[in-house]
Amino acid sequence: MDFKTSNEETKTGIYLMQEGNEEPFNIRLHLAKDILTIQEQDVICVSGEPFYSSERTVTIRRQTIGGFGLSIKGGAEHKIPVVISKISKEQKAELSGLLFIGDGILQINGINVRSYRHEEVVQVLRNAGEEVTLTVSFLKKTPAFLKLPLCEDCTCIPSDQSSGTSSPLCDSGLHLNYHPNNTDTLSCSSWPTSPGLRWEKRWVDLRLIPLLHSRLSQHMPGSDVCRKNAFQVIAVDGICSGVIQFPTAEDCLDWLQALASNISSLTKHNVKKINRNFPVNQQIIYMGWVDEKEQDSVQDRMYSPKFLALRGSSLFKFSAPPVTTWDWTRAEKSFTVYEIMCKILKDNDLLDKRKHCFSVQTESGEDMFFSVELECELLIWEKAFQMATFLEVERIQCKTYACIMESHLMGLTIDFSMGFVCFDAASKAVLWRYKFSQLKGSSDDGKSKIKFLFQNQDSKSIEAKELEFSNLFAVLHCIHAFFAAKVACLDPMFVESQGNATTTGIPSLSSISCNSQTPKLKYAT
């Protein structure tokens with residue numbers, strides 16, 4: 001059953017986990033506000049103070065009808081001991097607290113059968129006599145292909161007809177396996193004996209994954225291959241959940257969205273606390289994991305995890321989340337938000353099989369490609385970048401770049417209120433100025449030159465102005481940022497969200513959630 005609030009998701013369910021090349025085994029997931037608990041089944045002693053034991057010894061006797069009342073699966077051919085897969089109704093009450101479905105049989109009357117094949121174990125039990133002493137250990141990672149029930153309610157029905165055959169993937173009923181010549185001497189009682197200890201099968205914690213700054217991944221490490229029904233959770237300290245497998249893609253997406261929602265809520269709360277230590281112009285707007293496509297990638301390592309943060313005037317790229325003030329000075333790279341360009345990649349722009357991708361073109365013209373796991377995460381990033389750019393343009397109001405026009409050193413000022421102003425660098429005399437609305441077109445040579453086409457307000461004629469810059473892409477991106485900010489000011493939805501952000505001191509991204517319907521945004525272009 002799922003319990004939901006507006007700020008968090010709480011979920012519980014039983015699924016499969018795979019670690020490395022091992023066979024998947026059953027686990028129970030429990031999602032809370034700030035932690036993901038992964039549990040496995042184990043058997044613990046409940047006589048007095050609970051404790052764990054790797055092995056237990058139980059002695060049982062054969063019944064005249066029903067024999068040992070056990071069924072087994074598995075064997076050395078599957079690289080595991082044989083496992084108790086069913087317990088008969090007659091034996092269920094008597095074996096309660098002593099033997100459990102999922103117990104691996106290690107010894108039979110002192111004979112080590114750990115490496116025995118299924119049929120070999122069946123033969124040993126058939127010839128074990130009236131009384132058998134089993135040394136067992138609960139196999140916490142029993143392969144899921146054995147399809148063992150997760151509770152003790154699944155029982156086998158005794159029969160007095162033996163098939164004479166057995167299979168490691170089918171239940172071999174040990175209630176059939178007694179010698180008919182001994183039936184007259186067998187006791188009808190099969191009360192097991194154990195040295196005064198009682199046991200219970202319980203779900204116990206396998207891993208606890210703190211969700212703050214945790215990373216989700218449906219993709220095979222470093223690749224663009226997506227696991228349709230599975231994902232893993234990697235904690236900030238590197239602890240990995242293992243690959244959690246779900247029966248359907250819908251179940252997988254439901255859990256991904258719930259986890260992403262809780263991680264997002266924790267991040268917002270953490271950002272709010274951190275921002276108390278930063279001035280208004282250095283507030284954090286966004287923090288989150290992405291996968292960056294390697295520029296010189298090899299086939300087995302196309303992507304690497306990176307942690308992006310939008311703070312004040314800068315976009316920071318880290319290999320791990322910044323914790324201390326000193327960490328902010330050690331970013332792999334940082335960029336001025338109004339001098340870079342972000343583009344959400346449409347289907348025909350995607351570079352490979354990854355779907356939720358965006359690119360960032362730097363002030364030098366270099367393209368960086370990133371991907372996130374969910375569409376809602378992509379929208380949160382897009383809105384955060386728009387907000388960061390708008391806030392910085394609003395703060396600086398104007399930006400001036402050195403340029404050359406007709407072999408003379410000039411300055412071009414992009415002013416949020418006035419538009420474009422070109423002046424002589426030496427005399428500061430203004431040569432021309434145009435409003436943003438007068439720019440009717442532009443082109444560049446991809447190296448240093450930009451040609452602007454402005455419309456004269458009086459004559460309505462087009463006037464061309466060609467300028468040369470040493471930092472072409474920074475200028476182009478800055479112009480785009482100022483235009484986007486002007487357009488955003490005319491967008492009622494954006495103005496309203498900006499008003500809410502101003503009153504709280506922190507830009508608001510709460511209108512987008514990973515557990516809600518995907519909203520449509522207006523793009524500032």
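1. How do the residues of the lining of the largest cavity divide into nonpolar, polar and charged? They come to 6 nonpolar, no polar and 1 charged, where Ala, Val, Leu, Ile, Met, Phe, Trp, Tyr, Cys and Pro count as nonpolar, Asp, Glu, Lys and Arg as charged, and the others, Gly among them, as polar.

2. This is a predicted model, in which local features need pLDDT of at least 70 and side-chain atom pairs count only at pLDDT 80 or more, while totals for chains, interfaces and linings use all residues. Residues are numbered from 1 along each chain as its sequence is written, and side-chain values use heavy atoms, with hydrogens and water left out.

3. The largest cavity holds about 40 Å³ of space, and its lining consists of Lys293, Tyr303, Leu345, Leu351, Cys357, Phe369 and Phe370. A cavity here is a set of points on a 1 Å grid over the protein atoms alone where a 1.4 Å probe fits but cannot get out, and lining residues have an atom within 4 Å of a point.

4. Helix H4 (residues 375-396) and helix H5 (residues 472-489) pack at an angle of about 100°, with their axes 9 Å apart; H4 and H5 are therefore roughly perpendicular to each other, a term covering angles of 65 to 115 degrees. Thr389, Phe390, Val393 and Ile396 of H4 meet Ala481, Phe482, Ala485, Ala488 and Cys489 of H5, contact meaning heavy atoms within 4.5 Å. By class, this contact has 8 nonpolar, 1 polar and no charged residues.

5. Of the 525 residues in the protein, 48% are buried, that is, under 20% relative accessible area with a 1.4 Å probe, protein chains only.

Conventions:
Axes are lines fitted to C-alpha atoms, for helices over the stretch in contact, and angles run from 0 to 180 degrees between N-to-C directions. Helices (H or I, at least four residues) and strands (E, at least two) are DSSP runs, numbered from the N terminus. Angles under 35 degrees count as roughly parallel, over 145 as roughly antiparallel, 65 to 115 as roughly perpendicular and the rest as oblique. On a 1 Å grid over the protein atoms alone, a cavity is a set of points where a 1.4 Å probe fits but cannot get out, and a pocket is an open set with protein on both sides within 12 Å along at least five of seven lines; lining residues have an atom within 4 Å of a point. Grid points are joined across faces, edges and corners, and a volume is the space filled by probe spheres set on the points. Buried means under 20% relative accessible area, exposed over 50%, partly exposed in between (1.4 Å probe, protein chains only).
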